[in-house]
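Visitor: I would like a close look at a single part of this protein. Please take me through the nonpolar core and the strands around that part.

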Amino acid sequence: MQLKENEFRVGTFHGRHDGAQAKVTAIRDDTRPEPYFWMCTCGASRSFLTEDAVFPTAWRHTHPTHLDRLRQWATRRLRAR
Ligand SMILES: [Zn+2]
């Protein structure tokens, strides 16, 4: 992905979920109210006030546990209604 000039890549996570390769890019952008965020190749994204939660959640997103997969499946079913 292309970063804007005020964005800095702070980490990249490779993994897979939903049976497909996934890559999460963690970025810092001081112009945003929540300067830390990550984006996944699947379209998911999260933003945070501090750096603390960025890496654990990004890792978790690309390496979902069995319980996470169940939860994602349940969320998708709820959204589909
Ligand atoms: Zn993803």
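Visitor: To set the scene, among contacts in the protein between residues at least 6 apart in sequence, what percentage join residues at least 24 apart?

Guide: The figure is 29%. Keep in mind that this is a predicted model. Two helices and four strands make up the secondary structure. Along the sequence they follow the pattern β-β-β-β-α-α. Of the 81 residues, 12% count as buried.

Now the core. The largest nonpolar core has eight residues: Phe13, Val24, Ala26, Ile27, Tyr36, Trp38, Val54 and Ala58. Three elements, β2 (20-29), β3 (36-40) and α1 (54-62), each give two or more residues to this core. β2 gives the most, with three residues. In soluble globular proteins, nonpolar side chains tend to be buried together.

Look at Trp38 next. Leaving out residues up to four places away in sequence, Trp38 touches Val24, Thr25, Ala26, Ile27, Ser45, Arg46, Val54 and Ala58.

Then follow the strands. β1 (residues 7-17) runs antiparallel to β2, and 10 bridges join them. One pair here is Gly15 with Ala22 of β2. The hairpin of β1 and β2 has two residues between the strands, and Asp18 takes a positive phi near 55° in this hairpin.

On to β3. Five bridges join β2 to β3, again in an antiparallel arrangement. Val24, listed in the core, has Cys40 in β3 as its bridge partner. The hairpin of β2 and β3 has six residues between the strands.

Methods: Residues are numbered from 1 along each chain as its sequence is written. This is a predicted model: local features need pLDDT of at least 70, side-chain atom pairs count only at pLDDT 80 or more; totals for chains, interfaces and linings use all residues. A nonpolar core is a set of buried Ala, Val, Leu, Ile, Met, Phe, Trp, Tyr and Cys residues joined through C-beta atoms within 7 Å. A residue is buried if 20 or more other C-beta atoms lie within 10 Å of its own, exposed if 12 or fewer, and partly exposed in between; C-beta atoms are placed from the backbone. Two residues are in contact if their C-beta atoms, placed from the backbone, lie within 7 Å. Two strands pair if DSSP finds at least two bridges between them.
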